[in-house]
Amino acid sequence: MDVADLPGVPDWLPDHLRDDGIEELYPPQAEAVDAGVTQGQNIVAAIPTASGKTLVAELAMLSAVARGGKALYIVPLRALASEKQAEFEQFEQYGLEIGVSTGNYESDGGWLGDKDIVVATSEKVDSLVRNDAPWLEELTCVVSDEVHLVDDGQRGPTLEVTLAKLRRLNPDLQTVALSATIGNADELATWLDAELVDSDWRPIELQKGVHYGQALHVEDGSQRRLAVQNNEKPTAAVVRDTLQDDYDEDGNLVEAGGSSLVFVNSRRNAEAAAGRLGSTVRPHLTSEEEAELADVAAEIRGVSDTETSDDLADAVEQGAAFHHAGLARGHRELVEDAFRDRLVKVVCATPTLAAGVNTPSRRVVVRDWRRYDGTAGGMQPLSVLEVHQMMGRAGRPGMDPYGEAVLVANSHDELDELFERYVWADPEPVRSKLAAEPAMRTHILATVASGFARSRSGLLEFLEETLYASQTDETGRLERVVDDMLTYLERNEFLEIDGGDGEARSASKSSGDEPRDELDATSLGHTVSSLYLDPMSAAEIIDGLRDWQRSAAESTTADSDGGFTTASELADEQAAAGEADPDDISALGLYHLVSRTPDMYQLYLRSGDREEYEMELYEREDELLGPTPSEFEDDRFEDWLSALKTARLLEDWADEVEEDTITERYGVGPGDIRGKVETAEWLLGAAESLASEIDTDAARAVSEARIRVEHGVREELVDLAGVRGVGRKRARRLFEAGIGDRAELRDAAKPVVLAALRGRRKTAENVLENAGHRDPSMEGVEPDSDVDVLDDDPRDRDEDGVETGEDQSSLGDF
DNA sequence: GAAGGTGTGTTCTAGACAGCATGTC
DNA sequence: CTAGAACACACCTTC
C-alpha cells in the first residue's frame with residue numbers, strides 16, 4: 001500500500017513519511033489500515049518487534065487527532081515512555097503537542113489536557129483514572145503497547161482493568177492494542193471488540209538456530225561450521241564468529257563484523273561473561289575504537305564510585321559490557337548508547353534488555369534458557385514468548401542483511417530439546433491473572449473508590465468487561481475472590497458494605513434475603529486508593545503507626561506513678577498521652593515499617609545474613625513498630641528479617657554511608673540502592689498522609705525520615721541538601737566548613753564556600769544562586785586554604801564513610 | 001617456581017510500576 | 001524434592 005492512499009490521516013503525513021524514506025507500508029501495517037486503524041476501528045496487532053508497530057500506533061493516533069480527538073499511548077516501562085516521547089516529537093512541527101506522564105516525570109509546558117498525544121505508563125494511567133483526571137473523558141484513541149503483558153501476575157491486572165475503565169469512561173474510544181506474536185491474539189481481539197492483525201512478517205529475516213559442538217544448526221535444516229577453539233566457551237565462539245568480516249568467493253567484503261547481544265540468567269553471569277568476552281573482542285578493535293571506548297569507560301567511572309562501576313568500565317575498555325537492573329541509570333544509558341553506536345561489540349544482559357528500549361543487534365545469543373525461581377523451587381525454563389522476545393532483538397533494519405538468533409546447547413539431547421521447545425514452538429497463550437488476590441484487593445478498592453461500581457453486583461458487572469471474564473466460564477472463582485477481598489477491605493476500614501458495620505451483610509446472608517450490597521469507600525479507603533498503595537501495605541503502615549501511638553501513650557502513662565484521683569486528671573493524662581512524642585520514633589523503625597509492606601521488593605537474605613540480622617533484631621527490636629513475629633512463624637519471621645536488612649540499607653543511606661560501602665555490605669548494585677530509596681520515598685510519603693488521616697502524632701517524624709532518605713543525609717544536613725545543586729556530598733562538605741544551613745550559606749564568606757566545594761567556581765556560583773544569594777559571582781575569589789576539604793576518594797574514608805570530625809561522638813557504637 | 005590444568009565443595013540466583021513537588025556530583 | 005555457572009581452593013603437571 002502506498003502512503004498516498006491512507007484514508008483519514010492528516011494531509012502532511014504522506015510527505016512526511018516519504019521524507020523518512022517510507023513509500024510503502026509494510027504488509028502488516030497495510031493490513032491494519034485495511035482493517036480501519038485510521039478510521040477509528042479497534043485493532044489488535046500481534047506482530048513481531050521491529051516490524052513497524054509504532055507506525056500502526058502513529059496512524060491511529062494521528063488520524064484520531066486529525067478528527068479533533070486526543071490520544072493516549074500506554075507503555076509498560078518508564079524508559080519506553082521517554083523513547084516514545086522522542087519518537088512522537090517529530091510531529092511537533094505540524095503543531096501537535098506531545099506530553100509524558102510517569103511516576104517520576106511529567107513533561108512541562110502546560111497541562112496534559114492540552115496535549116494531543118500523551119504517553120504514560122499503565123500504572124500512571126490507572127492512577128489518573130483513580131484521581132479523576134478530567135481530560136481522560138476527552139480521549140478518542142488509546143494505544144496499549146506490549147499488551148501481552150496482561151499475562152504478568154503483578155502488573156498485568158492493572159493494564160487490564162485500566163483499559164476496561166478507559167473504555168467504560170468513553171464508549172466510543174478507539175482501542176489499539178499492540179502485542180508480540182502470541183498464541184491467542186484472537187482472544188484479545190474478542191475482548192476488545194477489535195479487528196485482528198496477526199502476522200509474523202518481519203522487515204529483515206530472522207534466522208533461528210542452535211549452536212552445538214562445532215556447528216550452528218539453523219532452523220531451515222542447514223548447518224554451518226562454527227568452530228569452538230581451544231578452551232573457548234561456545235558463546236565466545238559465536239561472538240568471535242559474529243565479529244569476523246564475511247567475504248564471498250571472490251574475496252569481496254560481504255558483511256563487516258557485527259555486534260552480539262548475549263542473554264544470560266543472572267547478574268553475576270552477565271558480569272562474568274562480559275569480563276571474559278572482553279578478551280574475545282579486544283583483538284578486533286581499531287585503535288580509534290579503543291580510544292573512544294576509553295572515553296566511555298571514563299564516563300562510566302564517573303557515574304558512581306562502586307565496584308560495579310569499575311567492572312563495567314574495565315569491560316567497556318575491551319569492547320564488551322554487561323547490562324542488568326543493578327546498574328545505575330547512567331550506566332545503562334551509556335551501555336545502550338555505546339552498543340547502538342556499534343562501539344561496544346558485545347553486551348551480556350539479563351532480560352532487562354529484552355523488554356526495554358530498542359537495542360537491536362546483528363546476532364542474539366540466548367545462552368541460558370533456564371532461570372532460578374524460588375517459588376518453583378529451582379531452575380525453570382523461560383517461556384517461549386520470553387525467548388522469542390530476546391531473539392527478536394536480532395537484526396537491525398537497514399543495517400544487517402538478516403538477523404541471527406542462536407541458542408546454545410551443551411549436549412545432543414539439548415540440541416533437540418531447544419529446537420522443539422523454542423525454535424519451532426509457538427508462544428504460549430496470554431492469560432489474565434486478575435483473579436489473584438493481591439490484584440483484586442487493589443483493584444476492587446480502586447473501582448469502588450473512583451465510583452466505577454457502587455455495589456457488589458455493579459462490581460461484578462464491571463469485572464465482566466475485563467479479559468479475565470472473557471477468558472473464563474468459571475464465574476464462581478471470581479465471585480469467591482471478590483467476596484473474600486470485600487471482607488478484607490471492610491475489616492480494615494477501607495470499605496463499607498451496605499453502609500453498615502459488617503454485621504448487616506452476614507445478617508442478610510443468613511436471613512436469606514436478597515443481599516443488600518451497596519459498597520462505599522471510607523475516607524481512609526479513598527486516601528489509600530489515590531495514594532496508589534496496595535491496601536495491604538496501607539493496613540500494615542496503619543497498624544504499625546497505631547501500635548506506636550498506643551505504646552507511646554502507655555509509656556507516658558507509666559511515667560506518672562501516682563495513679564489518677566479524679567476524672568479530669570485522667571483526661572489530662574490521656575491528653576498528654578495522646579500527644580506521644582514523635583522523637584520516640586526512630587528512622588529505622590519507619591524504614592522497617594515500609595520495607596515490610598508488599599509494595600517494597602525486599603532484599604534477599606544470603607547465607608550468614610540470617611544470623612547477622614537476628615542479632616541486629618535482638619539489639620534494636622524496640623525501635624521497630626509493632627510486635628515481632630515469633631521465630632516459629634517461619635515465613636513471617638523471615639520477612640521481618642529481610643525487611644530489617646532493607647531498612648538497614650536505607651538507614652545507612654540516610655546516615656551518609658558511601659555508596660561503595662553499601663553495595664558491598666548488602667550485595668547490591670548502585671541501581672538497587674536508587675530503587676530502594678525511590679520506593680521508600682514514595683511509601684514514606686504515603687505513610688505521612690496516612691499518619692495525618694488516622695490522627696497520630698507520627699507525621700512529622702515520618703516526614704523527616706522521608707526527607708533524609710530522599711537526600712541520603714543525616715538530620716543536620718536536611719536543610720542544606722534541600723538547596724538545588726547540593727546533594728549529600730556537597731552538603732556534608734559545606735557543613736564541615738562550618739556552614740550549617742541555607743541561611744548560613746547565604747551569609748558565608750565566599751572563599752569558604754568555594755573551598756568547601758573544592759574550588760569549583762561554576763558549581764559554587766550555582767549553589768549560592770540557588771540558596772538565594774544576592775551576588776553569587778565567584779569572580780576573583782580564591783578558596784580559603786584553612787578549610788579542610790573532604791577527600792573525594794571514598795576508599796580513603798573509614799567504614800562509616802564519614803570523615804572523622806568534631807561530631808565523631810555522635811557516631812554511636814561504631 | 002611460576003603458570004596453568006583439574007577436581008571438589010560452596011555459594012547464590014530477573015525485573016521495577018506508583019504520590020507529591022522539584023532537581024545529583 | 002528438582003539446577004548449574006562461577007568461584008575459591010587444593011592439588012597436580014609442565015616448562
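In this predicted model, the side chains of D305 and K729 come together in a salt bridge, with N and O 4.0 Å apart. D305 sits in the loop between α10 (287-303) and α11 (307-317), while K729 belongs to helix α31 (residues 728-736), so this pair ties together parts that are 424 residues apart in sequence. As for how open the two partners are, D305 counts as partly exposed because its relative accessibility is 31%. K729 is partly exposed too, with a relative accessible area of 37%. The general idea behind such pairs is simple: side chains of opposite charge can pair when their charged atoms come close.

That pair has plenty of company, as the structure holds 56 salt bridges. Another one joins R363 to D241, where the closest N and O atoms are 2.9 Å apart. Here again, distant parts of the chain are linked: R363 is in strand β17 (residues 363-366) and D241 is in helix α8 (residues 234-243), 122 residues apart. R363 has just 1% relative accessibility, and since anything under 20% is called buried, R363 gets that label. D241 comes in at 18%, so D241 also counts as buried.

A third bridge brings K750 and D775 together, at 3.4 Å from N to O. K750 lies in helix α33 (residues 750-756), whereas D775 lies in the segment after α34 (761-770), and the two are 25 residues apart. This pair is a bit of a mix: K750 is buried at 17% relative accessibility, but D775 is partly exposed at 43%. Some salt bridges also share partners, and in this way E616, R620, E623, R648, E651, D652 and R665 are joined into one network.

Turning to the strands, eight of them build an open sheet with mixed pairing, in the order β4-β3-β5-β2-β6-β7-β1-β8. At the edges stand β4 (105-106) and β8 (195-198); each has a single partner strand, so one side of each is left without a neighbour in the sheet. Further in, strand β3 (residues 98-102) and strand β5 (residues 117-121) run parallel and are joined by four bridges. Within this pairing, G99 has V118 of β5 as its bridge partner.

Helices lie across this sheet as well. Helix α2 (residues 27-35) crosses β1 (43-46) and β8, running at about 170 degrees to β8. Helix α5 (residues 122-130) lies across β2 (71-75), β3, β4 and β5, and runs at about 105 degrees to β5.

How values were computed:
Residues are numbered from 1 along each chain as its sequence is written. Chains are lettered from A and ligands numbered from 1 in the order in which they are written. This is a predicted model: local features need pLDDT of at least 70, side-chain atom pairs count only at pLDDT 80 or more; totals for chains, interfaces and linings use all residues. Side-chain values use heavy atoms; hydrogens and water are left out. Buried means under 20% relative accessible area, exposed over 50%, partly exposed in between (1.4 Å probe, protein chains only). Two strands pair if DSSP finds at least two bridges between them. Contact means heavy atoms within 4.5 Å. Axes are lines fitted to C-alpha atoms, for helices over the stretch in contact, and angles run from 0 to 180 degrees between N-to-C directions.
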